[in-house]
Amino acid sequence: MDKIRKTSINYIRQGLYISAALFLLTLLVMQVWFLDLLTPAIVSVAFTLIVCITIGVVWNYVVKNSPDSLPTFFTAVSGFRLLLALAVMFIYYLLDNNDTMLKFFIVFMVFYVASLAHHTVFFSRVSNRS
């Protein structure tokens, strides 16, 4: 069981590193091209970290208590991540003016795709080891 917990923590740690790297890259882009991307970057990093930590904790629980439910877990994670991303973009659209929506969408999608790629690669490697 200790290996499962370490794997879960490793997933969360890698997600934190990816989020931090993308946030720093966004800050660099802001400085080079004089763009105002701070709010989209903060919202995107918060979304990515919340989803990553939640997936890591729930995966740990599912593997320990019901490993036969892993395919259902992965399907549900994909659906909930997409619905949550759509909800975040819709809320941002309602709260902000339309001038910054494209910037937000681009920044948010970079974080979303990176999070999705991390999830896919990490759990395909974990599944192949089992």
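The crossing of α2 and α3 is right-handed in this predicted model. Helix α2 covers residues 38–65 and helix α3 covers residues 70–95, and their axes come within 11 Å while crossing at roughly 160°. Because angles over 145 degrees count as roughly antiparallel, α2 and α3 are therefore roughly antiparallel to each other.

On the α2 side, this contact is made by Thr39, Pro40, Val43, Phe47, Val51, Ile55, Val58, Trp59, Val62 and Val63, which meet Leu70, Phe73, Phe74, Val77, Arg81, Leu84, Ala85, Val88 and Tyr92 in α3. Sorted by class, the residues of the contact between α2 and α3 comprise 17 nonpolar, one polar and one charged.

Aromatic side chains form a further theme, with a count of nine aromatic pairs in the model. Two of these pairs, which have Phe108 as a member, are set out below.

| Pair | Geometry | Centre to centre | Angle between planes |
|---|---|---|---|
| Phe47 and Phe108 | tilted | 4.9 Å | 55° |
| Phe104 and Phe108 | stacked | 5.4 Å | 20° |

The tilted pair links distant parts of the chain, since Phe47 belongs to helix α2 and Phe108 to helix α4 (residues 101–129), with their positions 61 residues apart in the numbering. Phe47, which is also among the α2 residues that meet α3, is buried, as is its partner Phe108. The stacked pair, by contrast, lies within one helix: Phe104 and Phe108 are both in α4, four residues apart, which is about one turn of the helix. Phe104 and Phe108 are both buried.

Which residues make up one aromatic cluster? Tyr11, Trp59, Phe73, Phe74, Phe122 and Phe123 do so. Among these, Trp59 in α2 and both Phe73 and Phe74 in α3 also appear in the contact between those two helices.

A separate feature of the backbone is found at Phe34, in the loop between α1 (2–33) and α2. Most residues other than glycine have a negative phi. Phe34, however, has a positive phi of about 55° although it is not a glycine. Is the side chain-bearing residue Phe34 to be classed as buried or exposed? With a relative accessibility of 74%, Phe34 counts as exposed, because the class of exposed residues begins over 50%. Phe34 is thus exposed, whereas Phe47 and Phe108 are buried.

Note on methods. Residues numbered from 1 in each chain as written. Predicted model: local features only at pLDDT ≥ 70, side-chain atom pairs only at ≥ 80, totals over all residues. Heavy atoms only, no water. Axes fitted to C-alpha atoms, helices over the stretch in contact; angles between N-to-C directions. Parallel < 35°, antiparallel > 145°, perpendicular 65-115°, else oblique. Left-handed = near helix turned anticlockwise from the far one by under 90°. Contact = heavy atoms within 4.5 Å. Nonpolar A, V, L, I, M, F, W, Y, C, P; charged D, E, K, R; others polar. Phe/Tyr/Trp six-rings, centres within 6.5 Å; stacked < 30°, edge-to-face > 60°. Buried < 20%, exposed > 50% of the residue type's maximum accessible area, 1.4 Å probe, protein only.
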